[in-house]
Amino acid sequence: MAVLSMAGEAVAPVGLMGRPVYELRGVSKTFAKRNVRALDKVDLALREGTFSSIIGPSGCGKSTLLKIMAGLQPPSSGSVVLEGKPVMGPRRDIGMMFQQATLFPWRTTLENIVLPIEIRDGKAAARAKHDQARQLLDLVGLQGFENVYPSELSGGMAQRAAICRMLITEPAVLLLDEPFSALDELSRDFMNMELQRICLERNATTFLVTHSIPEAVILSDVVYVMSPRPGRFIEAITVDLPRPRTLDMMTDPRFGGLVHRIRSHLDKGAFQ
Amino acid sequence: MTQAQVLASAIPEQTVWAERVSWIDRVPRWLSMLALLIGFLIVWQIVYLIELVSPIILPSPLETIEDLFVVGRNLLTGDYMLMALWITTQEVLLGFVIAVVLGFGLGVLVGETAFGEKAVMPYLVAINTMPKVAFAPLFVSWLGFGIASKVALAAFIAFFPVIVGTAAGLHAADQNARMLFKTMGASRWQTLVQLKLPIGMPHFFSGLKNAAVLVVVGAVVGEFLGGGKGFGELIRVAAAQLNTPRVFSLIIYLSLLGLATFWIVAWAQRRFVFWHKESVTEETLAQ
(Lines give C-alpha, C1' and ligand atoms only; values in the text may rest on other atoms or scores of the structure.)
Protein backbone atom coordinates (compact mmCIF):
# COMPACT_ATOMS: atom_id res chain seq x y z
CA MET A 1 0.00 0.00 0.00
CA ALA A 2 1.14 3.48 -0.63
CA VAL A 3 2.00 5.38 2.49
CA LEU A 4 0.01 8.57 2.39
CA SER A 5 1.16 11.09 4.89
CA MET A 6 -1.13 14.03 5.47
CA ALA A 7 0.55 17.34 6.01
CA GLY A 8 -0.99 20.67 6.79
CA GLU A 9 2.24 22.56 6.47
CA ALA A 10 4.05 19.96 4.46
CA VAL A 11 6.02 17.75 6.76
CA ALA A 12 8.75 15.70 5.15
CA PRO A 13 7.20 12.31 4.63
CA VAL A 14 8.36 9.49 6.83
CA GLY A 15 10.08 6.50 5.30
CA LEU A 16 12.48 8.64 3.23
CA MET A 17 15.74 8.78 5.02
CA GLY A 18 18.96 10.08 3.63
CA ARG A 19 20.93 13.25 4.07
CA PRO A 20 18.96 16.42 3.28
CA VAL A 21 20.68 18.12 0.35
CA TYR A 22 18.40 21.05 -0.26
CA GLU A 23 16.36 22.64 2.54
CA LEU A 24 13.79 25.40 2.48
CA ARG A 25 12.29 26.78 5.67
CA GLY A 26 9.40 29.25 5.81
CA VAL A 27 10.09 30.48 2.30
CA SER A 28 7.56 33.00 1.03
CA LYS A 29 7.47 35.49 -1.82
CA THR A 30 5.49 38.68 -2.19
CA PHE A 31 5.81 40.82 -5.28
CA ALA A 32 5.74 44.30 -3.76
CA LYS A 33 5.13 46.05 -7.08
CA ARG A 34 1.86 44.31 -7.78
CA ASN A 35 1.24 43.49 -4.13
CA VAL A 36 0.80 39.82 -4.97
CA ARG A 37 1.61 37.10 -2.52
CA ALA A 38 2.83 34.39 -4.86
CA LEU A 39 4.12 31.97 -2.29
CA ASP A 40 2.97 31.30 1.27
CA LYS A 41 5.31 29.75 3.79
CA VAL A 42 6.88 26.70 2.17
CA ASP A 43 8.99 24.09 3.95
CA LEU A 44 10.83 21.54 1.91
CA ALA A 45 13.68 19.08 2.32
CA LEU A 46 15.12 17.23 -0.68
CA ARG A 47 17.01 14.15 0.50
CA GLU A 48 19.99 12.79 -1.33
CA GLY A 49 19.16 10.53 -4.24
CA THR A 50 15.42 11.17 -4.11
CA PHE A 51 13.10 12.41 -6.81
CA SER A 52 10.47 14.95 -5.77
CA SER A 53 7.78 16.58 -7.85
CA ILE A 54 5.61 19.56 -7.37
CA ILE A 55 2.23 19.75 -8.97
CA GLY A 56 -0.41 22.42 -8.85
CA PRO A 57 -2.74 24.59 -10.91
CA SER A 58 -1.40 27.34 -13.15
CA GLY A 59 -0.31 30.41 -11.23
CA CYS A 60 0.16 28.58 -7.95
CA GLY A 61 3.69 29.88 -7.60
CA LYS A 62 5.53 26.79 -8.86
CA SER A 63 7.77 28.79 -11.15
CA THR A 64 8.40 31.34 -8.42
CA LEU A 65 9.45 28.57 -6.07
CA LEU A 66 11.73 27.10 -8.71
CA LYS A 67 13.32 30.49 -9.43
CA ILE A 68 14.00 30.94 -5.73
CA MET A 69 15.53 27.48 -5.56
CA ALA A 70 17.67 28.24 -8.62
CA GLY A 71 18.98 31.41 -7.03
CA LEU A 72 17.39 33.55 -9.72
CA GLN A 73 15.16 35.41 -7.27
CA PRO A 74 15.52 36.13 -3.55
CA PRO A 75 12.71 34.99 -1.23
CA SER A 76 10.77 37.62 0.73
CA SER A 77 11.26 35.62 3.91
CA GLY A 78 12.65 32.29 5.06
CA SER A 79 15.87 30.44 4.38
CA VAL A 80 17.10 28.51 1.35
CA VAL A 81 20.08 26.25 2.00
CA LEU A 82 21.86 23.91 -0.42
CA GLU A 83 24.60 21.64 0.91
CA GLY A 84 24.79 23.71 4.10
CA LYS A 85 25.38 26.99 2.25
CA PRO A 86 22.65 29.59 1.78
CA VAL A 87 21.61 30.15 -1.84
CA MET A 88 22.24 33.81 -2.58
CA GLY A 89 22.40 33.62 -6.38
CA PRO A 90 22.97 31.19 -9.25
CA ARG A 91 25.42 28.43 -8.33
CA ARG A 92 27.34 25.82 -10.26
CA ASP A 93 26.00 23.07 -8.00
CA ILE A 94 22.45 23.83 -9.11
CA GLY A 95 21.56 22.17 -12.40
CA MET A 96 18.56 23.43 -14.31
CA MET A 97 16.51 22.36 -17.26
CA PHE A 98 13.58 24.02 -18.97
CA GLN A 99 10.71 23.12 -21.27
CA GLN A 100 12.76 24.32 -24.23
CA ALA A 101 16.14 22.71 -24.78
CA THR A 102 17.58 26.13 -25.73
CA LEU A 103 20.63 24.81 -27.52
CA PHE A 104 22.50 27.47 -29.44
CA PRO A 105 22.55 26.84 -33.19
CA TRP A 106 26.08 28.17 -33.74
CA ARG A 107 27.55 25.63 -31.33
CA THR A 108 27.88 21.91 -31.91
CA THR A 109 26.20 19.58 -29.44
CA LEU A 110 29.49 19.13 -27.59
CA GLU A 111 30.12 22.89 -27.46
CA ASN A 112 26.60 23.42 -26.16
CA ILE A 113 27.14 20.89 -23.40
CA VAL A 114 30.34 22.48 -22.10
CA LEU A 115 28.86 25.99 -22.28
CA PRO A 116 28.29 26.23 -18.49
CA ILE A 117 31.96 25.42 -17.95
CA GLU A 118 33.04 27.92 -20.58
CA ILE A 119 30.96 30.65 -18.94
CA ARG A 120 32.24 29.92 -15.44
CA ASP A 121 35.85 28.84 -16.02
CA GLY A 122 36.76 29.92 -19.54
CA LYS A 123 37.49 28.23 -22.86
CA ALA A 124 40.46 26.14 -21.72
CA ALA A 125 38.51 24.56 -18.87
CA ALA A 126 35.65 23.85 -21.28
CA ARG A 127 38.01 22.07 -23.66
CA ALA A 128 39.34 19.99 -20.78
CA LYS A 129 35.76 18.80 -20.15
CA HIS A 130 35.23 17.45 -23.66
CA ASP A 131 35.95 13.87 -22.60
CA GLN A 132 33.50 14.10 -19.75
CA ALA A 133 30.92 15.61 -22.09
CA ARG A 134 31.36 12.61 -24.42
CA GLN A 135 30.75 10.26 -21.50
CA LEU A 136 27.56 12.16 -20.71
CA LEU A 137 26.48 11.82 -24.34
CA ASP A 138 26.97 8.08 -23.93
CA LEU A 139 24.92 8.17 -20.74
CA VAL A 140 21.94 9.81 -22.46
CA GLY A 141 22.28 7.71 -25.62
CA LEU A 142 23.55 10.45 -27.92
CA GLN A 143 26.96 8.97 -28.71
CA GLY A 144 28.22 10.04 -32.11
CA PHE A 145 26.29 13.30 -32.12
CA GLU A 146 28.95 15.47 -30.50
CA ASN A 147 29.85 17.38 -33.67
CA VAL A 148 26.31 17.74 -34.94
CA TYR A 149 24.58 21.13 -34.88
CA PRO A 150 21.31 21.34 -32.92
CA SER A 151 19.24 21.95 -36.06
CA GLU A 152 19.83 18.29 -36.89
CA LEU A 153 18.57 17.02 -33.52
CA SER A 154 14.95 16.03 -32.87
CA GLY A 155 13.10 17.51 -29.91
CA GLY A 156 13.84 14.50 -27.71
CA MET A 157 17.50 14.44 -28.72
CA ALA A 158 17.81 18.15 -27.98
CA GLN A 159 16.44 17.57 -24.49
CA ARG A 160 18.96 14.75 -24.00
CA ALA A 161 21.71 17.21 -24.89
CA ALA A 162 20.17 19.68 -22.43
CA ILE A 163 20.40 16.97 -19.75
CA CYS A 164 24.12 16.63 -20.50
CA ARG A 165 24.58 20.39 -20.27
CA MET A 166 22.85 20.35 -16.88
CA LEU A 167 25.02 17.47 -15.62
CA ILE A 168 28.40 18.77 -16.83
CA THR A 169 28.93 20.94 -13.73
CA GLU A 170 28.15 17.93 -11.50
CA PRO A 171 25.35 19.72 -9.64
CA ALA A 172 24.16 18.65 -6.19
CA VAL A 173 20.54 19.17 -7.16
CA LEU A 174 18.64 19.04 -10.45
CA LEU A 175 15.77 21.45 -10.95
CA LEU A 176 13.51 20.48 -13.85
CA ASP A 177 10.83 22.84 -15.14
CA GLU A 178 8.44 20.69 -17.22
CA PRO A 179 11.38 19.37 -19.21
CA PHE A 180 9.53 17.17 -21.67
CA SER A 181 6.16 18.88 -21.95
CA ALA A 182 6.96 20.18 -25.43
CA LEU A 183 7.48 16.64 -26.71
CA ASP A 184 4.82 14.35 -28.11
CA GLU A 185 3.36 11.91 -25.60
CA LEU A 186 5.25 8.81 -26.78
CA SER A 187 8.62 10.58 -26.66
CA ARG A 188 7.67 12.10 -23.38
CA ASP A 189 6.95 8.75 -21.69
CA PHE A 190 10.17 7.38 -23.11
CA MET A 191 12.22 10.36 -21.99
CA ASN A 192 10.74 10.13 -18.50
CA MET A 193 11.98 6.56 -18.22
CA GLU A 194 15.36 7.70 -19.51
CA LEU A 195 15.37 10.46 -16.94
CA GLN A 196 14.70 7.92 -14.19
CA ARG A 197 17.54 5.74 -15.43
CA ILE A 198 19.97 8.67 -15.50
CA CYS A 199 18.92 9.90 -12.05
CA LEU A 200 19.27 6.41 -10.55
CA GLU A 201 22.64 5.89 -12.20
CA ARG A 202 23.99 9.14 -10.80
CA ASN A 203 22.10 9.03 -7.49
CA ALA A 204 20.82 12.50 -8.37
CA THR A 205 18.69 14.61 -6.09
CA THR A 206 15.95 15.86 -8.37
CA PHE A 207 13.10 18.32 -8.15
CA LEU A 208 10.53 18.38 -10.94
CA VAL A 209 7.82 20.88 -11.72
CA THR A 210 5.05 19.40 -13.83
CA HIS A 211 1.42 19.70 -14.88
CA SER A 212 1.04 15.98 -15.46
CA ILE A 213 -0.18 13.87 -12.54
CA PRO A 214 0.84 10.49 -14.04
CA GLU A 215 4.29 11.88 -14.85
CA ALA A 216 4.72 13.13 -11.29
CA VAL A 217 3.63 9.80 -9.80
CA ILE A 218 5.65 7.52 -12.07
CA LEU A 219 8.86 9.49 -11.52
CA SER A 220 8.71 10.60 -7.89
CA ASP A 221 9.40 9.39 -4.40
CA VAL A 222 7.40 12.33 -3.08
CA VAL A 223 4.78 14.44 -4.83
CA TYR A 224 4.02 17.83 -3.32
CA VAL A 225 0.57 19.14 -4.18
CA MET A 226 0.30 22.91 -4.24
CA SER A 227 -2.71 25.12 -3.66
CA PRO A 228 -3.60 28.10 -5.86
CA ARG A 229 -2.24 31.52 -5.00
CA PRO A 230 -0.78 32.11 -2.52
CA GLY A 231 0.97 28.83 -3.21
CA ARG A 232 1.62 26.43 -0.38
CA PHE A 233 1.87 22.67 -0.05
CA ILE A 234 -1.46 20.99 0.67
CA GLU A 235 -0.05 17.53 0.89
CA ALA A 236 3.15 15.60 0.44
CA ILE A 237 2.36 12.19 -1.02
CA THR A 238 4.91 9.40 -0.81
CA VAL A 239 4.97 7.09 -3.80
CA ASP A 240 6.24 3.68 -2.71
CA LEU A 241 6.14 1.91 -6.04
CA PRO A 242 9.37 -0.07 -6.43
CA ARG A 243 12.35 1.19 -8.46
CA PRO A 244 13.10 1.09 -11.25
CA ARG A 245 9.64 2.12 -12.33
CA THR A 246 8.24 1.00 -15.64
CA LEU A 247 5.47 2.42 -17.79
CA ASP A 248 3.52 -0.80 -17.09
CA MET A 249 3.15 0.33 -13.49
CA MET A 250 0.71 2.95 -14.75
CA THR A 251 -1.89 0.17 -14.82
CA ASP A 252 -1.13 -0.78 -11.19
CA PRO A 253 -4.10 -0.08 -8.87
CA ARG A 254 -1.75 1.64 -6.41
CA PHE A 255 -0.72 4.02 -9.21
CA GLY A 256 -4.38 4.69 -10.01
CA GLY A 257 -5.11 5.38 -6.34
CA LEU A 258 -2.32 7.94 -6.09
CA VAL A 259 -3.34 9.67 -9.29
CA HIS A 260 -6.92 9.81 -8.07
CA ARG A 261 -5.85 11.24 -4.73
CA ILE A 262 -3.79 14.02 -6.32
CA ARG A 263 -6.50 14.79 -8.85
CA SER A 264 -9.13 15.20 -6.17
CA HIS A 265 -6.90 17.76 -4.43
CA LEU A 266 -6.41 19.72 -7.64
CA ASP A 267 -10.11 19.54 -8.58
CA LYS A 268 -11.05 20.94 -5.19
CA GLY A 269 -8.57 23.73 -5.75
CA ALA A 270 -9.98 24.53 -9.15
CA PHE A 271 -13.48 25.18 -7.82
CA GLN A 272 -12.52 27.28 -4.86
CA MET B 1 -17.56 -16.48 -55.90
CA THR B 2 -15.84 -15.96 -52.55
CA GLN B 3 -16.56 -12.89 -50.53
CA ALA B 4 -13.04 -11.53 -51.11
CA GLN B 5 -13.56 -11.67 -54.88
CA VAL B 6 -16.83 -9.81 -54.58
CA LEU B 7 -15.18 -7.08 -52.56
CA ALA B 8 -12.27 -6.85 -54.97
CA SER B 9 -14.54 -6.37 -57.96
CA ALA B 10 -16.73 -3.84 -56.22
CA ILE B 11 -14.11 -1.08 -56.40
CA PRO B 12 -11.91 -0.06 -59.34
CA GLU B 13 -8.32 -1.19 -59.21
CA GLN B 14 -6.80 2.27 -59.51
CA THR B 15 -8.05 5.72 -58.67
CA VAL B 16 -4.89 7.56 -59.57
CA TRP B 17 -5.45 11.17 -60.54
CA ALA B 18 -3.16 13.93 -61.68
CA GLU B 19 -2.37 16.65 -59.21
CA ARG B 20 -2.68 20.08 -60.76
CA VAL B 21 0.62 21.87 -61.04
CA SER B 22 0.64 25.50 -62.10
CA TRP B 23 2.64 26.01 -65.31
CA ILE B 24 4.83 28.65 -63.65
CA ASP B 25 6.09 26.00 -61.21
CA ARG B 26 7.52 24.00 -64.12
CA VAL B 27 9.48 26.91 -65.59
CA PRO B 28 12.99 27.36 -64.18
CA ARG B 29 13.71 30.64 -62.45
CA TRP B 30 16.21 31.98 -65.02
CA LEU B 31 13.77 31.37 -67.83
CA SER B 32 10.91 33.23 -66.18
CA MET B 33 13.25 36.12 -65.40
CA LEU B 34 14.50 36.22 -68.99
CA ALA B 35 10.96 36.05 -70.37
CA LEU B 36 9.88 38.98 -68.22
CA LEU B 37 12.91 41.00 -69.33
CA ILE B 38 12.26 40.34 -73.01
CA GLY B 39 8.60 41.21 -72.56
CA PHE B 40 9.58 44.45 -70.90
CA LEU B 41 12.00 45.34 -73.72
CA ILE B 42 9.33 44.62 -76.35
CA VAL B 43 6.80 46.89 -74.62
CA TRP B 44 9.50 49.53 -74.32
CA GLN B 45 10.30 49.27 -78.05
CA ILE B 46 6.61 49.57 -78.95
CA VAL B 47 6.20 52.65 -76.77
CA TYR B 48 9.23 54.11 -78.55
CA LEU B 49 8.02 53.24 -82.06
CA ILE B 50 4.52 54.72 -81.67
CA GLU B 51 6.15 57.76 -80.01
CA LEU B 52 3.92 57.61 -76.98
CA VAL B 53 6.74 59.49 -75.25
CA SER B 54 9.06 61.91 -77.00
CA PRO B 55 12.26 60.13 -78.17
CA ILE B 56 14.28 62.93 -76.55
CA ILE B 57 13.09 61.77 -73.12
CA LEU B 58 12.92 58.03 -73.75
CA PRO B 59 15.60 56.30 -75.83
CA SER B 60 14.91 53.02 -77.59
CA PRO B 61 16.09 49.85 -75.89
CA LEU B 62 18.45 49.25 -78.81
CA GLU B 63 20.09 52.65 -78.34
CA THR B 64 20.47 51.92 -74.68
CA ILE B 65 22.02 48.53 -75.28
CA GLU B 66 24.36 50.10 -77.82
CA ASP B 67 25.43 52.67 -75.27
CA LEU B 68 25.89 49.95 -72.66
CA PHE B 69 28.64 48.61 -74.92
CA VAL B 70 30.18 52.07 -75.36
CA VAL B 71 30.30 52.66 -71.61
CA GLY B 72 31.46 49.09 -71.02
CA ARG B 73 34.37 49.55 -73.42
CA ASN B 74 35.30 52.80 -71.71
CA LEU B 75 35.25 51.08 -68.31
CA LEU B 76 37.33 48.15 -69.54
CA THR B 77 39.99 50.33 -71.17
CA GLY B 78 40.46 52.18 -67.90
CA ASP B 79 39.31 55.48 -69.30
CA TYR B 80 37.75 58.42 -67.39
CA MET B 81 34.57 56.44 -66.64
CA LEU B 82 36.53 53.84 -64.75
CA MET B 83 38.12 56.63 -62.70
CA ALA B 84 34.64 57.96 -61.96
CA LEU B 85 33.40 54.51 -60.99
CA TRP B 86 36.41 54.00 -58.74
CA ILE B 87 35.73 57.29 -56.95
CA THR B 88 32.11 56.34 -56.37
CA THR B 89 33.17 52.85 -55.23
CA GLN B 90 35.51 54.39 -52.67
CA GLU B 91 32.71 56.62 -51.41
CA VAL B 92 30.40 53.65 -51.15
CA LEU B 93 32.87 51.42 -49.32
CA LEU B 94 34.08 54.09 -46.90
CA GLY B 95 30.52 55.24 -46.28
CA PHE B 96 29.47 51.65 -45.64
CA VAL B 97 32.29 50.98 -43.17
CA ILE B 98 31.54 54.17 -41.25
CA ALA B 99 27.80 53.42 -41.26
CA VAL B 100 28.42 49.90 -39.94
CA VAL B 101 30.85 50.93 -37.19
CA LEU B 102 28.74 53.88 -36.10
CA GLY B 103 25.46 51.99 -36.43
CA PHE B 104 26.75 48.98 -34.54
CA GLY B 105 28.13 51.11 -31.70
CA LEU B 106 24.94 53.13 -31.36
CA GLY B 107 22.87 49.97 -31.77
CA VAL B 108 24.63 48.31 -28.84
CA LEU B 109 24.22 51.49 -26.79
CA VAL B 110 20.50 51.63 -27.56
CA GLY B 111 19.82 47.91 -27.38
CA GLU B 112 21.87 47.04 -24.35
CA THR B 113 21.81 50.01 -21.97
CA ALA B 114 18.81 51.62 -20.31
CA PHE B 115 20.43 55.02 -20.84
CA GLY B 116 20.70 54.39 -24.56
CA GLU B 117 17.14 53.19 -24.85
CA LYS B 118 15.65 55.99 -22.76
CA ALA B 119 17.83 58.99 -23.60
CA VAL B 120 19.58 58.32 -26.92
CA MET B 121 16.92 56.44 -28.91
CA PRO B 122 14.37 59.31 -29.10
CA TYR B 123 17.02 61.57 -30.64
CA LEU B 124 18.03 58.92 -33.14
CA VAL B 125 14.42 58.45 -34.16
CA ALA B 126 14.06 62.22 -34.53
CA ILE B 127 17.18 62.37 -36.71
CA ASN B 128 15.91 59.48 -38.81
CA THR B 129 12.67 61.30 -39.59
CA MET B 130 14.62 64.25 -41.04
CA PRO B 131 15.07 64.28 -44.81
CA LYS B 132 18.76 63.41 -44.65
CA VAL B 133 19.45 64.51 -48.20
CA ALA B 134 18.83 68.06 -47.01
CA PHE B 135 22.07 67.83 -45.06
CA ALA B 136 24.09 67.46 -48.28
CA PRO B 137 24.89 71.19 -48.72
CA LEU B 138 25.96 71.28 -45.09
CA PHE B 139 28.38 68.38 -45.59
CA VAL B 140 29.77 70.10 -48.71
CA SER B 141 30.43 73.32 -46.82
CA TRP B 142 32.02 71.40 -43.97
CA LEU B 143 34.04 68.86 -45.93
CA GLY B 144 34.46 70.44 -49.35
CA PHE B 145 33.69 69.19 -52.87
CA GLY B 146 35.94 66.13 -52.59
CA ILE B 147 35.15 62.59 -51.63
CA ALA B 148 34.74 63.31 -47.90
CA SER B 149 31.40 65.10 -48.18
CA LYS B 150 29.96 62.21 -50.25
CA VAL B 151 31.24 59.64 -47.79
CA ALA B 152 29.62 61.59 -44.97
CA LEU B 153 26.25 61.75 -46.71
CA ALA B 154 26.40 58.07 -47.68
CA ALA B 155 27.20 57.04 -44.11
CA PHE B 156 24.56 59.40 -42.73
CA ILE B 157 21.84 57.95 -44.94
CA ALA B 158 22.87 54.33 -44.34
CA PHE B 159 23.65 54.12 -40.63
CA PHE B 160 20.15 54.09 -39.21
CA PRO B 161 19.12 50.62 -40.45
CA VAL B 162 22.30 49.26 -38.86
CA ILE B 163 21.27 50.75 -35.51
CA VAL B 164 17.79 49.27 -35.82
CA GLY B 165 19.14 45.87 -36.88
CA THR B 166 21.67 45.73 -34.06
CA ALA B 167 19.23 46.88 -31.38
CA ALA B 168 16.50 44.53 -32.58
CA GLY B 169 19.02 41.69 -32.65
CA LEU B 170 20.02 42.34 -29.05
CA HIS B 171 16.38 41.90 -28.04
CA ALA B 172 15.99 38.67 -30.02
CA ALA B 173 17.13 36.27 -27.28
CA ASP B 174 14.08 34.68 -25.66
CA GLN B 175 13.27 34.40 -21.98
CA ASN B 176 14.52 30.81 -21.77
CA ALA B 177 17.94 31.61 -23.16
CA ARG B 178 18.35 34.60 -20.85
CA MET B 179 17.31 32.52 -17.84
CA LEU B 180 19.73 29.78 -18.86
CA PHE B 181 22.59 32.28 -18.99
CA LYS B 182 21.58 33.60 -15.57
CA THR B 183 21.64 30.12 -14.07
CA MET B 184 25.14 29.68 -15.48
CA GLY B 185 26.20 32.82 -13.63
CA ALA B 186 27.07 34.65 -16.86
CA SER B 187 28.24 38.25 -16.56
CA ARG B 188 26.59 40.99 -18.58
CA TRP B 189 29.54 41.01 -20.98
CA GLN B 190 29.35 37.22 -21.44
CA THR B 191 25.61 37.40 -22.01
CA LEU B 192 26.16 40.09 -24.63
CA VAL B 193 28.99 38.36 -26.49
CA GLN B 194 27.97 34.72 -26.15
CA LEU B 195 24.19 35.05 -26.34
CA LYS B 196 22.70 38.33 -27.51
CA LEU B 197 25.08 39.24 -30.33
CA PRO B 198 25.12 35.82 -32.01
CA ILE B 199 21.35 35.40 -31.69
CA GLY B 200 20.88 38.89 -33.12
CA MET B 201 23.12 38.27 -36.15
CA PRO B 202 20.25 37.72 -38.65
CA HIS B 203 18.69 41.04 -37.61
CA PHE B 204 22.08 42.75 -37.78
CA PHE B 205 22.62 41.46 -41.29
CA SER B 206 19.24 42.57 -42.56
CA GLY B 207 20.23 46.02 -41.26
CA LEU B 208 23.49 45.71 -43.20
CA LYS B 209 21.63 44.78 -46.38
CA ASN B 210 19.48 47.88 -46.09
CA ALA B 211 22.60 49.93 -45.48
CA ALA B 212 24.38 48.40 -48.49
CA VAL B 213 21.61 49.69 -50.75
CA LEU B 214 21.23 53.07 -49.07
CA VAL B 215 24.93 53.82 -49.08
CA VAL B 216 24.96 53.86 -52.90
CA VAL B 217 21.97 56.20 -52.87
CA GLY B 218 23.81 58.48 -50.46
CA ALA B 219 27.02 58.55 -52.51
CA VAL B 220 25.23 59.33 -55.80
CA VAL B 221 22.96 61.98 -54.29
CA GLY B 222 26.06 63.50 -52.71
CA GLU B 223 27.66 63.67 -56.14
CA PHE B 224 24.55 65.21 -57.69
CA LEU B 225 24.48 67.94 -55.09
CA GLY B 226 28.16 68.41 -54.35
CA GLY B 227 29.89 67.90 -57.70
CA GLY B 228 33.15 65.97 -57.72
CA LYS B 229 34.33 63.44 -60.27
CA GLY B 230 32.24 60.36 -59.48
CA PHE B 231 29.68 58.38 -61.48
CA GLY B 232 26.87 60.61 -60.23
CA GLU B 233 28.54 63.55 -61.92
CA LEU B 234 28.68 61.63 -65.22
CA ILE B 235 24.95 60.95 -64.94
CA ARG B 236 24.22 64.57 -64.15
CA VAL B 237 26.23 65.78 -67.14
CA ALA B 238 24.66 63.22 -69.49
CA ALA B 239 21.19 64.23 -68.34
CA ALA B 240 22.01 67.92 -68.82
CA GLN B 241 23.04 67.09 -72.41
CA LEU B 242 19.79 65.17 -72.91
CA ASN B 243 21.88 62.07 -73.67
CA THR B 244 19.25 59.76 -72.27
CA PRO B 245 20.72 56.47 -73.53
CA ARG B 246 23.89 57.37 -71.63
CA VAL B 247 21.91 58.12 -68.46
CA PHE B 248 20.21 54.74 -68.69
CA SER B 249 23.40 52.78 -69.28
CA LEU B 250 25.25 54.63 -66.49
CA ILE B 251 22.40 53.83 -64.09
CA ILE B 252 22.59 50.17 -65.08
CA TYR B 253 26.33 50.06 -64.36
CA LEU B 254 25.77 51.93 -61.10
CA SER B 255 23.18 49.37 -60.07
CA LEU B 256 25.86 46.72 -60.50
CA LEU B 257 27.84 48.53 -57.80
CA GLY B 258 24.82 48.41 -55.49
CA LEU B 259 24.28 44.75 -56.35
CA ALA B 260 27.92 43.99 -55.56
CA THR B 261 27.80 45.57 -52.09
CA PHE B 262 24.53 43.81 -51.37
CA TRP B 263 25.99 40.55 -52.56
CA ILE B 264 29.09 40.92 -50.37
CA VAL B 265 26.85 41.38 -47.33
CA ALA B 266 24.70 38.41 -48.31
CA TRP B 267 27.82 36.30 -48.76
CA ALA B 268 29.17 37.36 -45.35
CA GLN B 269 25.83 36.46 -43.79
CA ARG B 270 25.84 32.98 -45.29
CA ARG B 271 29.43 32.59 -44.10
CA PHE B 272 29.05 33.88 -40.54
CA VAL B 273 25.40 33.13 -39.76
CA PHE B 274 25.53 29.65 -41.24
CA TRP B 275 22.86 28.37 -38.86
CA HIS B 276 20.18 30.78 -40.10
CA LYS B 277 18.72 29.84 -43.46
CA GLU B 278 16.91 32.65 -45.17
CA SER B 279 14.45 31.99 -47.93
CA VAL B 280 14.96 33.81 -51.23
CA THR B 281 11.83 35.88 -50.69
CA GLU B 282 12.93 36.89 -47.24
CA GLU B 283 16.31 37.90 -48.57
CA THR B 284 14.83 39.97 -51.34
CA LEU B 285 12.21 41.59 -49.14
CA ALA B 286 14.87 42.45 -46.58
CA GLN B 287 15.74 45.36 -48.83
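How many bridges pair β2(A) with strand β5 (residues 77–82) of chain A, and in which sense do the two strands run? Keep that question in mind as you look at chain A, and remember that this is a predicted model. The answer is five bridges, and the pairing is antiparallel. To see one place along this pairing, find A:Glu23, which stands opposite A:Val81 in β5(A).

Now turn to the other neighbour of β2(A). Strand β2 covers residues 20–31 of chain A, and eight bridges join it to strand β3, residues 36–47 of chain A. These two strands also run antiparallel. Here you meet A:Glu23 again, since this residue stands opposite A:Ala45 in β3(A). A:Glu23 is therefore a handy landmark, with A:Ala45 facing it in β3(A) and A:Val81 facing it in β5(A). Another pair to look for is A:Pro20, which stands opposite A:Arg47 in β3(A).

Next, follow the chain from β2(A) to β3(A). The two strands form a hairpin with four residues between them. In this hairpin, A:Asn35 takes a positive phi near 55°.

With these pairings in hand, you can put the sheet together. Four strands of chain A form an open sheet in the order β3-β2-β5-β6, and the pairing is antiparallel. The edge strands are β3 and β6 (85–86) of chain A, each of which pairs on one side only.

What lies across this part of chain A? Helix α1, made of residues 62–69 of chain A, lies across β2, β3 and β5 of chain A. Helix α1 runs at about 55° to β3(A).

Let us move on to where the two chains meet. The contact takes 15 residues from chain A and twelve residues from chain B. On the side of chain A that touches chain B, the elements that give two or more residues are β7 (94–97) and α3 (115–121) of chain A. The largest share of this side comes from α3(A), with three residues. Sorted by character, the residues on this side of chain A divide into eleven nonpolar, three polar and one charged.

Finally, take a look at chain B. An unreviewed UniProt entry carries the annotation "transmembrane region" for several stretches of chain B, including residues 211–227 and 247–268. What do these two stretches look like in the model? Residues 211–227 of chain B are 94% helix and 0% strand, and the end C-alpha atoms of this span lie 23 Å apart. Residues 247–268 of chain B are 100% helix and 0% strand, with end C-alpha atoms 32 Å apart.

How values were computed. Residues numbered from 1 in each chain as written. Chains lettered and ligands numbered in written order. Predicted model: local features only at pLDDT ≥ 70, side-chain atom pairs only at ≥ 80, totals over all residues. Pairing = 2+ DSSP bridges. Contact = placed C-beta atoms within 7 Å. Axes fitted to C-alpha atoms, helices over the stretch in contact; angles between N-to-C directions. UniProt positions renumbered as here; feature names shortened; annotations may be inferred. Nonpolar A, V, L, I, M, F, W, Y, C, P; charged D, E, K, R; others polar.
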